[in-house]
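Colleague: Got a minute to go through this one with me? I'd like to start with the ligand and then look at a few other spots.

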Amino acid sequence: MNRRIDKSVLTGRTVDEITGGRRMRRNRRFDWTRRLVRENTLSVDDLIWPIFLIPGENRSEDIKAMPGVERVTPDLAAKKAEQAAELGIPAIATFPNIDIALRDDTGSNVLAPDNLINEATRAIKKAVPEIGVITDVALDPFTSHGHDGILRDGVIVNDETVAQLAAAAVLQAEAGADIIAPSDMMDGRIGAIRDALNEAGFSDVGIMSYATKYASGFYGPYREAIGTQDLLKGDKRSYYIDPANSDEAVRDAALDVEEGADMLMVKPGLPYLDIVWRLKETFGMPTFAYQVSGEYSMIKAAAQNGWLDGERAMMESLLALKRAGCDGILTYFALEAAKLLRQP
Ligand code: PBG
């Protein structure tokens, strides 16, 4: 134990002299010591499951870039919600892939009370009233150019987009959404949506702000999932946050808190753990991360190739988000992780 270390390279002190007798490995010796000192845990209560929608009935489609994830019609989305509820997953989040013919410059279909996202909310709430439904309120699934806002002369116009999003949020609340999640990054949208919801009698409907959404390359597979990969012209850098910035993210989140957000979200997840940490420390608000499509697909693809243990990497990535300060995580792994967590 106390043997001298080779004097030719070291000073001649024993390890106990170096550490003062403190040995971190004592607590790591056994499974039971590791469990006793464990600081963070992942539970089913931390999971939100994003689901992709297509119109029609009893139909599902694979998404090539997201192995194991499918798009489903509203009736099958209700079935998925049932499955999630049975496993104890608290909430799902829905994302529509609407008919190309319905997409236009202004994303007008977002204002159709019975559009795909609202139809799905009704079907889900009817089948499983106890599960939380979180609806995204950006325009990108509805526009012919794949941008989150209204495009005029090459510019995503802020204020006009905000008015439209607020109206859409009211329709989503009418359909039964419990939480509205604006993912568009327009200025002032949280306050405008809060006002509109209150005015329409939905003061109980919450807002989960995509407070710090980064102009990220990790959204690639999602664009295939909602059918915008061939539509999107240019990029979203004029409204999403620059990946180089973190003070800016805190300032942006502060505005959302002031405007009335109930919950904050960081997106993507794993590359932005520092932002999760800063927001949680600064605001003490319920804080979420969106483990986005690219993060999911990287793990899946590597696992399919036998390059890493997929289950282990999945659980580690989710736990890392918890450790950074997340209260919950939107993840395409939700069902798979819940099944693992429910195993005795
Ligand atoms: C846009 C939106 C995006 C995602 C959800 N809503 C980003 C984008 O397409 O630019 C990404 C989700 C993912 O990658 O899993 N409002």
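**Chat about the ligand and some loops**

Modeller: Sure. Let's start at Arg-223, where a polar side-chain atom lies 2.6 Å from an oxygen atom of the ligand. Keep in mind that this is a predicted model.

Colleague: How much of the ligand's 400 Å² does the protein bury?

Modeller: The protein buries 100% of the 400 Å² that the ligand exposes when taken alone.

Colleague: And where does the ligand sit?

Modeller: You'll find the ligand in the largest cavity.

Colleague: OK, which residues come nearest to the ligand?

Modeller: There are 16 residues around it, and the nearest are Ser-183, Arg-223, Lys-267, Ser-293 and Tyr-332.

Colleague: What's the mix in that shell by class?

Modeller: Seven residues are nonpolar, seven are charged and two are polar.

Colleague: Back to contacts. Which side chains have an N or O atom by a nitrogen atom of the ligand?

Modeller: Lys-213 has a side-chain N or O atom 3.2 Å from a ligand nitrogen. For Tyr-222, the distance from a side-chain N or O atom to a ligand nitrogen is 3.1 Å.

Colleague: Switching topic: how many aromatic pairs are there?

Modeller: The count comes to 13 aromatic pairs. Take Tyr-214 and Tyr-272: their ring centres are 4.2 Å apart and their planes are at 20°, so that pair is stacked.

Colleague: Where in the chain are those two tyrosines?

Modeller: They link distant parts of the chain, 58 residues apart. Tyr-214 is in the loop between β9 (206-213) and α7 (220-225), while Tyr-272 is in the loop between β10 (263-267) and α9 (273-283).

Colleague: What kind of peptide bond joins Lys-267 and Pro-268?

Modeller: A cis one, with omega at about -10°. Pro-268 is in the loop between β10 and α9, and Tyr-272 is in that loop too. Lys-267 also turned up earlier, among the residues that come nearest to the ligand.

Colleague: Last one: what's phi for Asp-153?

Modeller: Near 50°, so to speak a positive value in a residue other than glycine. Asp-153 lies in the loop between β6 (150-152) and β7 (155-157).

Conventions:
Residues numbered from 1 in each chain as written. Predicted model: local features only at pLDDT ≥ 70, side-chain atom pairs only at ≥ 80, totals over all residues. Heavy atoms only, no water. Near = heavy atom within 4 Å. Polar contact = N/O pair within 3.5 Å; in protein donor to acceptor, adjacent residues only side chain to side chain. Areas by Shrake-Rupley, 256 points an atom, 1.4 Å probe, with all protein chains shown as cover. 1 Å grid on protein atoms, 1.4 Å probe; cavity = no way out; pocket = protein on both sides within 12 Å on 5 of 7 lines; lining within 4 Å. Sits in = over half its atoms within 2 Å of the grid points. Nonpolar A, V, L, I, M, F, W, Y, C, P; charged D, E, K, R; others polar. Phe/Tyr/Trp six-rings, centres within 6.5 Å; stacked < 30°, edge-to-face > 60°. Helix = DSSP H or I, 4+ residues; strand = E, 2+ residues; numbered from the N terminus.
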